[in-house]
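Dear colleague,

I am passing the structure below to you for your records and your own inspection. My findings follow it, arranged by topic.

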Amino acid sequence: MNHTLDATEAALRRELAEIGPLLDLPASSDLTEWVKGAALREATLIRRRKLRERLVRPWIGVAAALLLLAVWKAPLSPAPLAPAAPSDPDAYLEGWQAAADLSGERVTMLFDDARPSGGVESSETTAPEDTLDGFEKSLDFFEQAFSSDTAG
Amino acid sequence: MGPGDDRLLERAQRRESAALAELVDRYAPRVHGLIYRLTRARDVAEELTQETFLRVVRTIEEYVDDGRFEAWLFRIAANLARDHARKSSRRGAMASLEAGRGHDGAVREPPDGRGVEPARILAEEEQAERLNACLGAMPEADREILLLRHFSELSFQEIADLLEIPLGTALARAHRALKRLRAAFAVETQP
């Protein structure tokens, strides 16, 4: 049985080798370049998306931790500083202002405490997109340098 | 793929541009040939060739390098062509209406567009039409095996595995398809 299949397959190979070239098409460099362009654009988009995910993922954890910390700390706040029974509306407003200031300071302290030291410096004038692009370029440079080292 | 190509696939899996470009250079003409002969529509073949490589780029991480990259690649191409045929038959679209347009939507010149040897070009066009008619008259399953064998250079066993049919069935279909092809051209070439 196997012998028959082998013989049939060999005959088919020979026959196809004779008549197969009829099926060939002239190669089109335009088509190849068009396909290549689309494939490389897609690869770039995927690389960028993955890079963004890698950059953002650790910060999601930090944000969640901060939120938990804020919720956990909230009930430990001292009693409100506003007068219990406001007789004067101005005094009531001042008390509320003081409480709001204190609360703001506490939130700032919480963020300062929770922020990891020695992290990536960020500039207020730099858009996040630019930072990502810059970081990606530096990775590309590293990748190229690494490739040329290993190739050589 | 050759022995030194493991590294090429590793680089392609990291989506390095040079490695992906090399894969396109190496396989796009054959993938296009397969899809064009399966669909017999030029613009569809171009779109599906591009889609094949987009899918390769998107999913190449999932490819487990077992030395059968070509089987994996041509399976994607054949499945896309098959899906297209299924949708077309549902829509009742005629593939021949789509022929003759390029990926930019422009009407294409005759093969190569050289126009210096009209008799030869005419003969080539006639032959291409005859080939299309012959392929179109074949059962889809027979045509698929013949074309996969020619363009992918997979063994019949690999093609049988890919199509999930016994080897004997694959060989029988290929034999039928070749017989039709040979008959069509033998009849036409007789004086």
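Is B:Arg40 buried or exposed? Please note before reading on that the model is a predicted one. B:Arg40 is buried, because 21 other C-beta atoms lie within 10 Å and the threshold for a buried residue is 20 or more. This arginine lies in the loop between H2 and H3 of chain B. Its phi is positive, at about 55°, although the residue is not a glycine.

A second arginine of chain B may be read alongside B:Arg40. B:Arg15 is found in the loop between H1 and H2 of chain B. B:Arg15, which is not a glycine, has a positive phi near 60°. With 21 other C-beta atoms within 10 Å, B:Arg15 is buried.

The two chains in outline

Chain A has four helices and zero strands, giving the pattern α-α-α-α along the sequence. Of the 152 residues in chain A, 4% are buried. Chain B contains nine helices and zero strands. Buried residues make up 34% of the 191 residues in chain B. Among the contacts in chain B with a separation of 6 or more, 67% are between residues 24 or more positions apart.

One pair of residues in chain B brings distant parts of the sequence together. B:Asp6 and B:Gly67 are 61 residues apart in sequence, yet their C-alpha atoms are 8.1 Å apart in space. B:Asp6 belongs to helix H1 of chain B, residues 5–13. B:Asp6 is partly exposed, since 13 other C-beta atoms lie within 10 Å.

The contact between the chains

Chain A contributes 26 residues to the contact and chain B contributes 36 residues. On the side of chain A that touches chain B, the elements giving two or more residues are helix H1 (2–19) and helix H2 (29–73). H2(A) gives the most to this side, with twelve residues. The residues on the chain A side divide into 17 nonpolar, three polar and six charged.

H2(A) packs against helix H3 of chain B, residues 42–59, at an angle of about 30° and with the axes 9 Å apart. The two helices are therefore roughly parallel to each other, as the angle is under 35 degrees. The crossing of H2(A) and H3(B) is right-handed. From H2(A), the residues in this contact include A:Leu31, A:Trp34, A:Val35 and A:Ile46, and from H3(B) they include B:Phe53, B:Leu54, B:Val57 and B:Arg58. The residues of this contact divide into ten nonpolar, two polar and three charged.

H2(A) also packs against H2(B). The axes of these helices come within 9 Å and cross at roughly 140°. That angle makes H2(A) oblique to H2(B). The crossing of H2(A) and H2(B) is right-handed. Among the residues that meet here are A:Thr32, A:Lys36, A:Leu40 and A:Ala43 of H2(A), and B:Leu20, B:Val24, B:Asp25 and B:His32 of H2(B). The contact of H2(A) with H2(B) divides into ten nonpolar, three polar and two charged residues.

Helix H2 of chain B

H2(B) calls for a separate description. Where does H2(B) bend? This helix, residues 17–39 of chain B, bends by about 45° at B:Tyr27, and the proline B:Pro29 follows within four residues. B:Pro29 is also one of the H2(B) residues that meet H2(A). H2(B) is followed by B:Arg40, the buried loop residue described at the outset.

Within chain B, H2(B) also packs against helix H7, residues 140–152; the axes come within 9 Å and cross at roughly 165°. H2(B) and H7(B) are therefore roughly antiparallel to each other, the angle being over 145. H2(B) passes H7(B) in a right-handed crossing. B:Arg30, B:Gly33, B:Leu34, B:Arg37 and B:Leu38 of H2(B) meet residues of H7(B) that include B:Arg143, B:Glu144, B:Leu147 and B:Phe151. The residues of this contact divide into five nonpolar, two polar and four charged.

In summary, H2(B) meets H2(A) from the other chain and H7(B) from its own chain. H2(A), for its part, makes contact with H3(B) as well as with H2(B).

With kind regards

Notes:
Residues numbered from 1 in each chain as written. Chains lettered and ligands numbered in written order. Predicted model: local features only at pLDDT ≥ 70, side-chain atom pairs only at ≥ 80, totals over all residues. Bend = angle between axes of the 7 residues up to and from the residue. Contact = placed C-beta atoms within 7 Å. Nonpolar A, V, L, I, M, F, W, Y, C, P; charged D, E, K, R; others polar. Buried ≥ 20, exposed ≤ 12 C-beta atoms within 10 Å, placed from the backbone. Axes fitted to C-alpha atoms, helices over the stretch in contact; angles between N-to-C directions. Parallel < 35°, antiparallel > 145°, perpendicular 65-115°, else oblique. Left-handed = near helix turned anticlockwise from the far one by under 90°.
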